[in-house]
Amino acid sequence: MKLKLLSLAAILACGLSPLAHAAEGELVIGTEGAYPPFSMADANGNVTGFDADVGNAVCEKLQLKCRFVVQAFDGLIPALNAKRFDIIISGMSITDERQKQIDFSNSYAEFPNQFVAKKDSELAAAKDFDTLKKDLSGLRVGVQSGTTHAAYVEKVMPDAQLMTYDTLDQMQIDLSSGRLDTSFADTSAQNDFLAKPEAADFQLVDVVIDSASDATLGKGLGIGIRKDEGDLKARINQALCDLSEDGTLKTASEKWFKLDISQKCK
């Protein structure tokens with residue numbers, strides 16, 4: 001049978017390594033498919049984006065065929081643990097809370113985060129964090145559910161009115177139609193929104209919030225792996241190191257973001 005990465009215990013019981021059937025196997029990757037430019041899925045289920053490029057490059061290093069499974073972001077971890085797929089590559093930040101449920105590879109990228117607001121709003125004029133936090137009081141802040149952005153606003157901006165959405169598109173529709181005052185996401189996703197005609201009256205708020213500013217924002221982006229699959233984790237980490245050293249991650253990053261968000265091998 002084609003390899004769908006059996007549990008480590010089952011493989012060891014057969015005396016095989018986790019990637020023993022690599023030549024004829026596939027690595028099944030869970031991804032959201034609705035968070036450009038990290039992950040986009042078309043009507044036929046074809047997945048493109050930065051994380052798709054990372055996934056395909058990892059599969060090539062592991063000599064496995066890639067197959068992507070599209071899943072709502074907040075369902076990715078439960079689906080991984082239910083063995084619907086083998087790993088998660090979906091712009092997922094490494095956080096302490098998520099590490100209670102799954103394991104992660106080393107971080108392969110990190111991106112800053114910003115708010116978007118109407119150009120003529122008081123919030124758009126904020127130039128420092130304290131002013132930003134004060135101006136957010138009582139405002140309707142859109143975030144994607146299950147994300148570090150949701151956790152951050154809930155913890156750090158408790159006076160804001162948190163509005164959660166299943167997808168980025170849903171959030172952006174409400175923002176452009178006036179049902180939200182602002183949204184919070186990584187800078188790349190916000191720039192993707194600002195490039196659309198309906199965002200002509202919006203801008204990035206100048207205050208940039210780095211992941212290192214609070215634990216809720218995580219420790220960079222990582223590949224999600226089920227716990228107790230140490231051999232698979234080691235192989236993926238080695239593949240990421242190789243992709244960092246040969247410039248593949250940098251090339252993919254510059255292709256999708258016009259800048260290098262890749263992280264060096266640790």
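How many aromatic pairs does the count come to? In this predicted model, the count comes to ten aromatic pairs when ring centres within 6.5 Å are taken as paired.

Begin by selecting Tyr-35 and Phe-38. Their ring centres are 5.8 Å apart and the planes meet at 45 degrees, so this pair is tilted. Tyr-35 and Phe-38 are both buried.

Keep Phe-38 selected and add Phe-111. Here the centres lie 6.4 Å apart with the planes at 75 degrees; because planes over 60 degrees apart count as edge-to-face, the pair of Phe-38 and Phe-111 falls in that class. Next, display the backbone around each ring. Phe-38 is found in the loop between strand S2 (34-35) and strand S3 (39-41), and Phe-111 in the loop between strand S7 (103-104) and strand S8 (113-118), so the pair ties together parts that are 73 residues apart in sequence. Phe-38 and Phe-111 are both buried.

Now extend the selection to Phe-50, Tyr-108 and Phe-257. Together with Tyr-35, Phe-38 and Phe-111, these residues form a cluster linked by ring pairs.

Leave the aromatic residues and select residues 140-144 and 161-165, which are strands S9 and S10 respectively. The two strands run parallel and are joined by five bridges. To inspect the pairing, select Arg-140, which stands opposite Gln-161 in S10.

Finally, add residues 148-156, which form helix H6. With H6 displayed alongside S9 and S10, the view shows a right-handed β-α-β unit made by these three elements.

Definitions and conventions: Residues numbered from 1 in each chain as written. Predicted model: local features only at pLDDT ≥ 70, side-chain atom pairs only at ≥ 80, totals over all residues. Heavy atoms only, no water. Pairing = 2+ DSSP bridges. Helix = DSSP H or I, 4+ residues; strand = E, 2+ residues; numbered from the N terminus. Right-handed = clockwise from strand over helix to strand, strands pointing away. Phe/Tyr/Trp six-rings, centres within 6.5 Å; stacked < 30°, edge-to-face > 60°. Buried < 20%, exposed > 50% of the residue type's maximum accessible area, 1.4 Å probe, protein only.
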